[in-house]
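Let's take a stroll through this protein one helix at a time. Keep the viewer open and click along as you read.

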Amino acid sequence: MSQSPPAACENCTAPLQGLFCHACGQAAHSPVRSFAHAVEDVFESFWHLDGRIFRTLRRLLSPGTLANDYLAGRRAPYVAPMRLFVILCLLTFFVGKLVDFGGTAVAPSIEMEDTGVQRELSRATTVAEVEAIRDRAVADLEQAHREMPATLAPVTRSGFEQGIGAVRRQADRRLVQLGAAPAAPATLPPADTVWVSTDTPADGWLARQLQRIERNAPRFQQDPTLFKYAFMGSVPSALFVLVPVFALLLKLFYLDSRRLYLEHVVVALYSHAFLCVALLGQFALLALDHWITPRLALFGPVSDVLAMSLWLWMPAYLLLMQKRVYGQGWLRTGVKFFVLGNLYATLLVIAAMALVVLSLVRA
């Protein structure tokens with residue numbers, strides 16, 4: 001049964017003057033003493049949170065409006081920027097794990113049919129010509145693998161080995177057609193062989209990571225969804241690092257604005273929160289396209305137009321936000337946006353490559 005509220009706050013013992021404590025904010029009614037208040041407490045918290053989120057998202061969709069409100073001191077009606085970013089970031093990449101991107105593996109096979117080698121072999125009329133074409137193609141693939149970045153070379157080794165094997169098989173077929181015996185089978189290691197650099201001790205940290213990459217690369221090649229799950233799970237951690245870096249860049253580019261670093265952090269958080277919303281929209285369009293287009297072909301072009309419009313709106317939104325928050329002229333804002341955007345895009349590419357390697361290590 002419902003009981004009268006106590007005279008003092010049960011949390012901080014301050015005298016109560018209403019339904020909430022003026023010192024700590026705790027409600028006077030205890031949800032454990034009244035079932036009605038317990039139900040009311042659950043639904044009140046839910047709708048209160050939802051109301052703030054929807055109100056915040058509406059303001060977020062207008063470039064710079066939410067950031068200006070927050071920096072001007074109008075904070076009570078909205079979800080705090082850090083909380084909003086965390087919620088949207090985790091939700092976005094959780095949904096990203098569920099969406100079918102129709103992608104390919106990390107290290108796809110480099111099949112010889114994708115090159116002109118097969119045509120050259122089919123036109124060869126002598127054994128020596130076939131062997132020359134084969135040796136040149138194998139040397140080109142090996143040279144391409146040696147020129148790969150050191151961090152990606154172990155990841156792509158399996159694909160290059162399969163490409164070399166395809167070249168040798170086609171050459172052997174052509175040799176048989178010309179009446180010659182095929183070459184002796186090449187002693188290529190299996191795809192899951194562990195390669196360790198001779199420059200690194202076998203029990204070193206780097207060697208262990210390379211071993212894990214070599215073990216995981218074939219798994220990702222056979223099942224690309226494993227890579228998608230690992231990559232999507234790593235992105236939020238990278239963004240938590242990139243947001244303060246982006247804020248630091250804003251601070252450097254807008255020293256004349258005399259804003260505090262934490263004010264730039266707010267702008268960075270709202271910028272990335274919008275990007276998460278935009279990515280959610282892209283994921284939703286992709287899911288709808290996979291579901292509706294097989295049943296209604298007309299939806300495919302419509303979905304493509306909407307997706308392209310959303311991609312174009314993302315940089316336009318960030319430019320408008322930068323203009324409205326910092327209040328500088330279009331020329332200065334445009335130059336700063338271009339330079340800042342290129343610097344940050346470079347950081348994103350580096351982070352993405354690091355995530356690819358990290359996904360292979362952690363899988």
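Find L239 and look at who sits around it: leaving out residues up to four places away in sequence, L239 touches F85, C89, F93 and H272. This is a predicted model, by the way, so everything here describes a prediction. L239 belongs to helix α8, which covers residues 224–253. Is L239 buried or exposed? It's buried, because its relative accessible area is 12% and the cut-off for buried is under 20%. Now pick out H272 from that list of neighbours. Along the chain, L239 and H272 are 33 residues apart, yet their C-alpha atoms are 8.4 Å apart in space.

**The whole chain**

Zooming out, what is the secondary structure made of? The protein chain has 11 helices and 0 strands, so reading from the N terminus you meet α-α-α-α-α-α-α-α-α-α-α. Of its 363 residues, 36% are buried. Take the contacts between residues at least 6 apart in sequence: 64% of them join residues at least 24 apart. As for the outside, the chain exposes about 20,900 Å², and carbon and sulfur atoms supply 65% of that area.

**Around α1 and α2**

Next stop: T56, in helix α1 (residues 35–60). T56 has a relative accessible area of 0%, so it counts as buried. Which residues does T56 contact, once neighbours within four places in sequence are set aside? They are L66, P77, Y78, V79 and L84.

Over in helix α2 you'll find T65. T65 is buried too, at 17% relative accessibility. Skip the residues up to four places away, and T65 touches R59 and R324. R59 is worth a second click, as the next section shows.

**Charged pairs**

Side chains of opposite charge can pair when their charged atoms come close. How many salt bridges does the count come to here? The answer is 7. Three of them are in this table.

| Pair | N to O distance |
|---|---|
| R59 and D69 | 2.5 Å |
| K336 and D256 | 3.7 Å |
| R259 and E263 | 3.4 Å |

Start with the side chains of R59 and D69, which meet in a salt bridge. R59 is in helix α1 and D69 in helix α2 (residues 65–71), and the two are 10 residues apart. The partners sit in unlike surroundings: R59 is partly exposed, with a relative accessible area of 32%, whereas D69 is buried at 6%.

K336 and D256 form another salt bridge. K336 is in helix α11, while D256 is in the loop between α8 and α9 (261–292), so this pair ties together parts of the chain that are 80 residues apart in sequence. K336 is buried, with a relative accessible area of 12%, and D256 is partly exposed at 42%.

The side chains of R259 and E263 meet in a salt bridge as well. E263 is partly exposed, with a relative accessible area of 23%. Salt bridges can also share partners, and that is how R59, D69 and R74 are joined into one network.

**Following α10**

Helix α10 gives you a nice bit of arithmetic to check. How far apart should the ends of this helix be? It has 28 residues (299–326), and at 1.5 Å a residue the expected span is 40 Å. The end C-alpha atoms are 40 Å apart, so expectation and model agree.

Along the way, α10 bends by about 25 degrees at W313, and a proline, P315, follows within four residues. Quite a few side chains here are tucked away: the buried residues of α10 include F299, S303, L310, M314, Y317 and Y326. Right after the helix comes G327, whose phi is positive, near 65 degrees.

**A nonpolar patch**

Last, turn to the surface. Which residues form a nonpolar patch there? L331, V335, F338, V339 and L343 do, with about 500 Å² of accessible area together. One of them, V335, lies in helix α11 (residues 330–362). V335 is partly exposed, because its relative accessible area is 47% and that class runs between 20% and 50%.

Terms used:
Residues numbered from 1 in each chain as written. Predicted model: local features only at pLDDT ≥ 70, side-chain atom pairs only at ≥ 80, totals over all residues. Heavy atoms only, no water. Expected span 1.5 Å × (residues − 1). Bend = angle between axes of the 7 residues up to and from the residue. Buried < 20%, exposed > 50% of the residue type's maximum accessible area, 1.4 Å probe, protein only. Contact = heavy atoms within 4.5 Å. Areas by Shrake-Rupley, 256 points an atom, 1.4 Å probe, with all protein chains shown as cover. Patch = residues over 30% accessible without salt bridge, like charges linked within 9 Å, V, L, I, M, F, W, Y side chains within 5 Å. Salt bridge = Lys/Arg side-chain N within 4 Å of Asp/Glu carboxyl O.
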